[in-house]
Every structure is written in C-alpha cells, then in structure tokens.
Amino acid sequence: MPVGRIAEPEGPWRHRFVAANGARFHVAELGEGPLVLFLHGFPEFWWAWREQLKPVADAGHHAVAMDLRGYGGSDKTPRGYDPLTLASDVSGLIRSLGSPEAVVVGHGWGGFVGWATAAAHPAEVAALCAVASPHPSVLLRPPYRAMTRTAVGHLLSMQVPWLPERRIGRSEYIDSHLTAWSAPRSSFPSTDEVTRYSEALSHWPSSHCAIEYHRWLLRSRLRADGRAFSRAMRRAVDVPVLQVTGMADPALRHASVAATARHLIGPLDEVRLPGVGHFPHEEAPAAFNRELLAWLSARTGSGAHGDL
C-alpha cells in the first residue's frame, strides 16, 4: 500500500503538507482557534491522536497532529534526528501554520521533542502537555535510572546496525512492543492499530529514521550536538506544564516523573491514570481527554504568553 494511503486515513480531519525548517511535514487538522499541536511517539504516527483531534477542535481549538520527521507522510531526510533539529521542525511548523505559538502535546519521543521545543524556542510554546515523558535532563542522567530495565533494554537493542530496521516494521514486533508497554489487560493495541503502525514503519526508510532517534540518544551524548542539547535543556522551562502518566507504565519510574519539577519555573499539574500503561491517550482516551480538556480550559486566558 502506498505510504500516502497509510498516512492519510479518512476521518473528520483534513490532510495537508506544510514546509518548515527545510523539510515537508504531513499534518492532519481539525477546527479553528488557538493552535494545539500533537506530537506522536514511537512506533506510531499522527494517527495516534485520532481520539483527541475532534474533542479538542470541538472545544474551540485548531487541533493539528503532525508526522514527525521520518515518520508517516513527512519527509524522510538522511539527517536531522537530533532533538534540537526536531525542535526547530516544531517551531517552524507552528509559524508555518500561521500561529505565533501553540500548546504542544507530546507523547514519548514526541514529549521529548516538546520539551526541547519549550527550552530552545520558548516564544512558540504557550504550554506543554508531556505524556509519558519526563524532562530530558532527568531521562538522560546516567546511569539512566529514570527508565526501567524494559526501557533501557529497548534503547540498547536499537544501537546495533541494520537489525533493528529489519525488525521494527514487522507486525509481530509492533504487536509485542505495544502490548508489552501497555497496562496488563489493556484492550490496546487492536489488530487494526497494529496493522496501521506496522505498515507505516515498513515503508523504507521509515524504520531507519525511527531508529535514528534512539541511536542519537546514546551516541551523541559527548559530541557537539549532544553537548549543545544538554546546555539548552539546562534552561528552566517557563510555561505551564501538564504531565500525564499511566500508573502501570512499565517503561518509566515514577520518581523520574516527580524529578521533572526541578526543571520548571512555570506551573506544573500532574495526572496519573490508574490501570494505564505507556500510551494513556490510546489506552484510555476518554479519561485522557477529560484531563487534557480541563487543563486547556484552565489555561485559556491565563497562558504564559496571553490567550491560548
């Protein structure tokens, strides 16, 4: 199946391509009003936010879910998978969408990029909702105690050449990964979800691009780009932050989530959803949406940079 048909499933949303930071990004969008930008994690693409787009748009927002660089319908460039470049992608996309700022909602790797954008491009981030994603300075502090053995093992398995690329596009891998990182007895993932995510990653070079995110995390810590990122993340985040985590998340230690507060100046709200694993927005979309919409409503008219 052509990647365009995979990345552009029909729904109430509309699809388009937006140029930013020297690349072209696919987005799905719905509604009008203040911009809320959704950033997916691994091994997903924008479709991970399908249950959030309409409720957020109905609440009076311009809801946009993007495919990150290398994923879905977005450009799959040979380079650019360091978090500062990815943050510039997000910052540039916000401006290309005609908005001076956005509330950024990011899950997993998308949350990592959201944190980077809030630190490196604070003028474009009105507020940040980080889903299953502690502050990067907490996550990257050796010996990586913020992550459980499950997450560390996953990260290490991505470091060898070529084998991960061959593995992660297979439906068996996607099924086992999503199931293992969800809460026990979760109805996520369904057969349809496994099929969509595995088909999206099976189109070369999508799998290689997804792996490059993981490889940067370990290989660039002492290189110039890694040092630049560490310096950027030492700036305290001065926007409202909502942290959403699943109490049954097998990848993150809850102490690491609490440690995020040390890196903030702006207000912090924390929500822990019972019986939910690493994918709150997919495992429990109704509960997640209630928390997100309540937080967005509370921020309206009182955002760090004015009306949201």
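## Helix faces and one helix pair

Start with helix α8 (residues 171-181), where Y173, I174, H177, L178 and W181 are buried. Look down the axis of α8 and these buried residues fall within an arc of 115°, so they line one face of the helix. What do the buried residues of α8 pack against? Their partners are α6 (149-157), α7 (163-168), α9 (191-202) and α13 (280-283). Keep in mind as you look around that this is a predicted model.

Now move to α2, which covers residues 50-58. Here R50, Q52, L53, V56 and A57 are the buried ones. Their arc around the axis is only 150°, which puts them on the same side of α2. The list of elements that these buried residues pack against mixes strands and helices: β2 (23-30), β3 (35-39) and β4 (62-66), plus α9, α13 and α14. Just past the end of α2, G60 has a positive phi of about 100°.

Helix α14 has 15 residues, and from first C-alpha to last it reaches 21 Å, close to the 21 Å expected at 1.5 Å a residue. Its buried residues are F288, N289, L292, W295, L296 and R299. They take up an arc of only 135° around the axis, which places them on the same side of α14. Flip to the other side of α14 and you find R290 and S297 exposed.

Here are the three helices together:

| Helix | Buried residues | Arc |
|---|---|---|
| α2 | R50, Q52, L53, V56, A57 | 150° |
| α8 | Y173, I174, H177, L178, W181 | 115° |
| α14 | F288, N289, L292, W295, L296, R299 | 135° |

How do α2 and α14 meet? Two packed helices are described by the angle between their axes and the distance between the axes. For α2 and α14 (residues 285-299), the axes come within 10 Å and cross at roughly 35°. The crossing is right-handed. On the α2 side the contact is made by E51, Q52, P55 and V56, and on the α14 side by P285, F288, N289, L292, L293 and L296. Sort the residues of this contact by type and you get seven nonpolar, two polar and one charged.

Last stop: L84, which sits in helix α3 (residues 83-96). Is L84 buried or partly exposed? At 23% relative accessibility, L84 counts as partly exposed, because buried means under 20%. Setting aside neighbours within four places in sequence, L84 is in contact with A120, A228, F229 and A232. As for S137, L84 is 53 residues from it in sequence and 14 Å from it in space, C-alpha to C-alpha.

Definitions and conventions
Residues are numbered from 1 along each chain as its sequence is written. This is a predicted model: local features need pLDDT of at least 70, side-chain atom pairs count only at pLDDT 80 or more; totals for chains, interfaces and linings use all residues. Side-chain values use heavy atoms; hydrogens and water are left out. Axes are lines fitted to C-alpha atoms, for helices over the stretch in contact, and angles run from 0 to 180 degrees between N-to-C directions. Helices (H or I, at least four residues) and strands (E, at least two) are DSSP runs, numbered from the N terminus. A crossing is left-handed if the near helix is turned anticlockwise from the far one by less than a right angle, and right-handed if clockwise. Contact means heavy atoms within 4.5 Å. Ala, Val, Leu, Ile, Met, Phe, Trp, Tyr, Cys and Pro count as nonpolar, Asp, Glu, Lys and Arg as charged, and the others, Gly among them, as polar. The expected span of a helix is 1.5 Å times one less than its number of residues. Buried means under 20% relative accessible area, exposed over 50%, partly exposed in between (1.4 Å probe, protein chains only). The arc is that of the directions from the helix axis to the C-beta atoms.
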